[in-house]
Each structure stands twice: as structure tokens, then as C-alpha cells.
Amino acid sequence: MSDISSVQRRELRAKAHHLDPVVSIAGNGLTTAVLKEIDVALKAHELIKIRVYGDDREARAAYLLQICAELDCAAVQNIGKLLVVYRFNPDLHA
């Protein structure tokens with residue numbers, strides 16, 4: 001899992017404020033297909049919001065940990081039913 005500093009996290013939260021969720025996790029949970037969509041979105045945008053349907057806070061926290069571990073991204077924020085993750089893509093900065 002990538003680590004980011006508190007300053008970076010604050011800047012990324014500010015950037016993410018105006019973003020719309022690009023991936024949703026629904027009744028089937030965090031499937032391989034959903035992980036693939038998150039990976040594609042991270043490659044394209046670096047910073048994304050993920051909407052999680054369901055009221056289980058512990059499940060949302062577990063999803064965030066699993067996403068970060070499997071896709072080598074950093075957790076920026078977990079607020080309500082939204083997860084914000086970031087993964088640097090050098091191709092977008094070339």
C-alpha cells in the first residue's frame with residue numbers, strides 16, 4: 001500500500017471534493033470485476049471516488065484496506081459511503 005504524507009492527503013482531499021464517484025460497490029461486494037474497474041480508473045485519473053452501497057461501516061473500511069493492498073494505492077479519505085483513493089501515474093505527468 002502506498003503511503004502519502006498528511007500534507008499530500010489534505011491536498012488530495014481538497015481536489016477530490018468536486019469529483020463524482022466513478023466506480024460503485026454494490027450488493028456483490030468487492031468483486032474481481034470491480035477491482036479491475038478501480039484499477040482502470042486509477043490509471044486514467046490517479047485520484048478517484050468510489051461509492052459503496054450498504055450501511056455497514058466495517059465493510060466499507062475493509063473494502064478500502066483491500067483496494068489499497070491489492071492495487072497499491074493510498075487511502076485518502078473514507079467519509080460516509082464514499083471512499084477516495086490515489087495512485088500516482090507517471091504517464092500522466094510525462
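Setting aside neighbours within four places in sequence, D55 contacts R60 and K81. The model described here is predicted. D55 sits in the loop that joins β2 to α3. With a relative accessibility of 67%, D55 is exposed. Its partner K81 lies 26 residues away along the chain. The C-alpha atoms of D55 and K81 are 7.9 Å apart.

A second pair distant in sequence involves helix α1. This helix covers residues 6-16 and includes K15. K15 is exposed, at 58% relative accessibility. Along the chain, 33 residues separate K15 from I48. The distance between the C-alpha atoms of K15 and I48 is 9.9 Å.

The interior was examined next. In soluble globular proteins, nonpolar side chains tend to be buried together. The largest nonpolar core comprises 19 residues. Within this core, I25, L30, I38, I50, I67 and V85 have the most contacts. Both helices and strands contribute. At least two core residues come from each of β1 (21-25), α2 (32-45), β2 (47-52), α3 (57-71) and β4 (82-86). Another core lies apart from the largest one. It has 8 residues, including L12, L47, V76 and Y86.

I67 illustrates the contacts around one core residue. Residues up to four places away in sequence are not counted here. On that basis, I67 touches I25, L30, L35, I38 and I50. I67 also touches D72, C73, L83 and V85.

Helices α2 and α3 pack against each other at an angle of about 65°. Their axes are 11 Å apart. The crossing of these two helices is right-handed. On the α2 side, the contact is made by L35, I38, D39 and L42. On the α3 side, Q66, I67, E70 and L71 take part. Sorted by class, the contact of α2 with α3 has 5 nonpolar residues, 1 polar residue and 2 charged residues. I67 therefore belongs to this helix contact as well as to the group with the most contacts in the largest core.The cysteines were then considered. A search of the whole structure finds 0 disulfides. Why do C68 and C73 form no bond with each other? The sulfur of C68 has its closest cysteine sulfur in C73, at 4.0 Å, which is too far for a bond. A disulfide requires the two sulfur atoms to be within 2.5 Å. Seen from C73, the closest cysteine sulfur is that of C68, again at 4.0 Å. Both residues are shielded. C68 is buried, at 0% relative accessibility. C73 is also buried, with a relative accessible area of 0%.

Backbone angles single out two loop residues. Most residues other than glycine have a negative phi. E46 is not a glycine, yet its phi is positive, at about 70°. E46 is placed in the loop between α2 and β2. Its relative accessible area is 9%, so E46 counts as buried. D72 likewise has a positive phi, near 50°, and is not a glycine. D72 is found in the loop between α3 and β3 (74-79). With a relative accessible area of 43%, D72 is partly exposed. D72 is also one of the residues that I67 touches.

Note on methods. Residues are numbered from 1 along each chain as its sequence is written. This is a predicted model: local features need pLDDT of at least 70, side-chain atom pairs count only at pLDDT 80 or more; totals for chains, interfaces and linings use all residues. Side-chain values use heavy atoms; hydrogens and water are left out. A nonpolar core is a set of buried Ala, Val, Leu, Ile, Met, Phe, Trp, Tyr and Cys residues joined through side-chain atoms within 4.5 Å. Buried means under 20% relative accessible area, exposed over 50%, partly exposed in between (1.4 Å probe, protein chains only). Helices (H or I, at least four residues) and strands (E, at least two) are DSSP runs, numbered from the N terminus. Contact means heavy atoms within 4.5 Å. Axes are lines fitted to C-alpha atoms, for helices over the stretch in contact, and angles run from 0 to 180 degrees between N-to-C directions. A crossing is left-handed if the near helix is turned anticlockwise from the far one by less than a right angle, and right-handed if clockwise. Ala, Val, Leu, Ile, Met, Phe, Trp, Tyr, Cys and Pro count as nonpolar, Asp, Glu, Lys and Arg as charged, and the others, Gly among them, as polar.
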